[in-house]
Amino acid sequence: MGAEKKELPPIPDRLPVSVVDAHTHLDACGAVTAADVTAMVDRAERAGVSRVITVADDLAAARWAARASTWDPRVWAAVAIHPTRTKEFGEAEKSEVESLAKESRVVAVGETGLDYYWDYSPHDAQQDAFRWHIDLAKRIGKPLMIHDRDAHDDVLRILEEEGAPEQVVFHCFSGDEHVARRCVDAGYVLSFAGTVSFRNARGLHEAARIVPAGQYLVETDAPFLTPHPFRGRPNEPYCAAYTVRHLATFRGEAVHEVAESVRKTAERVFRLPTVTAG
C-alpha cells in the first residue's frame, strides 16, 4: 500500500468534451523543462484535459509559470504572491508581479487572497496584499484567482469594499451551500478541485449542486487534492477528468453537459481561444 500511495492514478477514459484544468502547479508536479511540461500535458490530453493554467505562489514560481506558458500552446499561466507568503511584500515584489501579470500568456492574477489556516503571514499583511492584487487585476483587465482558506467572510468583505474585478474565480472552492450562494449572487465563479469528490465533503456536494452553468470550473490544484478514490496519491492535470465525472454525478447531469459547461466557462473567463472539438 505504501508504494501504491506514491504512484500516479491511472489515466481515465477520455472525456467526451475537452476541458481546461483551471488551476494546477506544473512545477510542483515535477516539471522543470519544456519537455517535462509537454509530457504532462500530453497525459492530460489523453484524458480530455486539453489545456491547463499553471499557477504561481511566489516570485520564483511566477517567473517559471510565465516562461512555461510559452513552451506549449496548451499551457497558460497565472501569477501572484500566495497569502501565506505576504509577510514581506514590498515594492520590488509588486513591480515584478505586475510586469509578469501583463505578459500575453498570463491569463489571471492569482493565486491571491486570505489563508487563516496557516499562520505564516499576519492577517493584516495578507489583507493589504489581497487589496493590491485586486487593484492589479482591475488595472490590467484580467481575472482574479482567489485562495480562500478559513476566511470566507473577510474575502467577500474585501472584494465588496475594493470593488471586484469583472471576473473573479474562487480557486479550490471550500465553502458550503450558503457561501456558494453568496458568491453566485455576486457573479463570481467557483472552481471545484478533487475535494468535491471526497465522501465527507457534504457542504461541497451541496455547493456543487446549486451553482448554475457558467459559474463553475474544474481544477486539480495538482500535485495536491487528488480525487477519490485516489486521495493521498500524487495528482496531475489529467485527474481533472475524474472531478468532472464526480460533478456530473452530484449535479444529476450528463458528463458531456458538465464538460461542455466547464470548457465554455474557462474560455470566457480566461479569454482562451474557443475549441469545439472533443
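Q: In this predicted model, under what relative accessible area is a residue buried?
A: The model is predicted, not taken from an experiment. A residue is exposed over 50% relative accessible area and partly exposed in between. Buried means under 20%.

Q: How many of the seven residues of strand S2 are buried?
A: Strand S2 spans residues 49-55. The strand is mostly covered. The count of buried residues is seven of seven.

Q: In what order do the eight strands form the open sheet?
A: The sheet is open and its pairing is parallel. From one strand to the next, the twist averages 30°. The order is S1-S2-S3-S4-S5-S6-S7-S8.

Q: Which strands stand at the edges of the sheet?
A: An edge strand here has a single partner strand, so one of its sides is left without a neighbour in the sheet. That holds for the strand at residues 19-24 and for the strand at residues 216-218. They are S1 and S8.

Q: Which residue in S2 is the bridge partner of Val20?
A: Strands S1 and S2 pair in the parallel sense, over four bridges. Val20 has its bridge partner in S2. That partner is Arg51.

Q: Through which helix does the chain cross from S1 to S2?
A: This passage is a β-α-β crossover. The crossover is right-handed. The helix spans residues 34-46 and is H2.

Q: Which residue in S3 is the bridge partner of Thr54?
A: S2 is also joined to S3, and the two run parallel over four bridges. Thr54 finds its bridge partner in S3. The partner is Ala77.

Q: Which residue in S4 stands opposite Ala78?
A: Strand S3 covers residues 75-79. Three bridges join S3 to S4, and these strands run parallel. Opposite Ala78 stands Ala108.

Q: Are Leu190 and Phe192 in strand S7 buried or exposed?
A: Strand S7 covers residues 189-192, and both of its faces are covered. Val189 and Ser191 lie on one side. Leu190 and Phe192 lie on the other, and these four residues are all buried.

Q: Which residue stands opposite Leu190 in S7?
A: Strand S6, residues 168-170, pairs with S7 in the parallel sense over two bridges. Helix H7, residues 177-186, joins S6 and S7 in a right-handed β-α-β unit. Opposite Leu190 stands Phe170.

Q: Which residue in S8 stands opposite Ser191?
A: Three bridges join S7 to S8, and the strands run parallel. The chain crosses from S7 to S8 through helix H8, residues 202-210, in a right-handed β-α-β crossover. Opposite Ser191 stands Leu217.

Q: What volume does the largest pocket have?
A: The pocket is lined by 29 residues. The closest to its centre are His82, His147, Arg149, Asp221 and Phe224. The volume is about 790 Å³.

Q: Which element gives the largest share of the lining of the largest pocket?
A: Helix H3 (59-68), strand S4 (106-115) and strand S5 (144-149) each give two or more residues to the lining. The largest share is three residues. That share comes from S5.

Q: How many residues of the lining of the largest pocket are charged?
A: The lining divides into three groups. Nonpolar residues number 11 and polar residues number eight. The charged residues number 10.

Q: Which residue does a cis peptide bond join to Gly110?
A: Most peptide bonds are trans. This one is cis, with omega at about 10°. The partner of Gly110 is found in strand S4, and this partner is Glu111.

Q: What is omega for the cis peptide bond that joins His228 and Pro229?
A: Pro229 has its place in the loop between S8 and helix H9 (240-251). The bond to His228 is cis. Its omega is about 5°.

Q: Does Leu225 count as buried or partly exposed?
A: Leu225 is in the loop between S8 and H9. Its phi is positive, about 60°, although it is not a glycine. Its relative accessibility is 27%, so Leu225 counts as partly exposed.

Q: Where does Asp150 lie?
A: Most residues other than glycine have a negative phi. Asp150 has a positive value, near 60°. Asp150 lies in the loop between S5 and H6.

Q: How many Å apart in space are Pro165 and Trp118?
A: Pro165 has its place in the loop between helix H6 (152-162) and S6. At 7% relative accessibility, Pro165 counts as buried. In sequence, Pro165 and Trp118 are 47 residues apart. In space, C-alpha to C-alpha, they are apart by 26 Å.

Conventions: Residues numbered from 1 in each chain as written. Predicted model: local features only at pLDDT ≥ 70, side-chain atom pairs only at ≥ 80, totals over all residues. Heavy atoms only, no water. Buried < 20%, exposed > 50% of the residue type's maximum accessible area, 1.4 Å probe, protein only. Pairing = 2+ DSSP bridges. Right-handed = clockwise from strand over helix to strand, strands pointing away. 1 Å grid on protein atoms, 1.4 Å probe; cavity = no way out; pocket = protein on both sides within 12 Å on 5 of 7 lines; lining within 4 Å. Points joined across faces, edges and corners; volume = space filled by probe spheres on them. Nonpolar A, V, L, I, M, F, W, Y, C, P; charged D, E, K, R; others polar. Axes fitted to C-alpha atoms, helices over the stretch in contact; angles between N-to-C directions.
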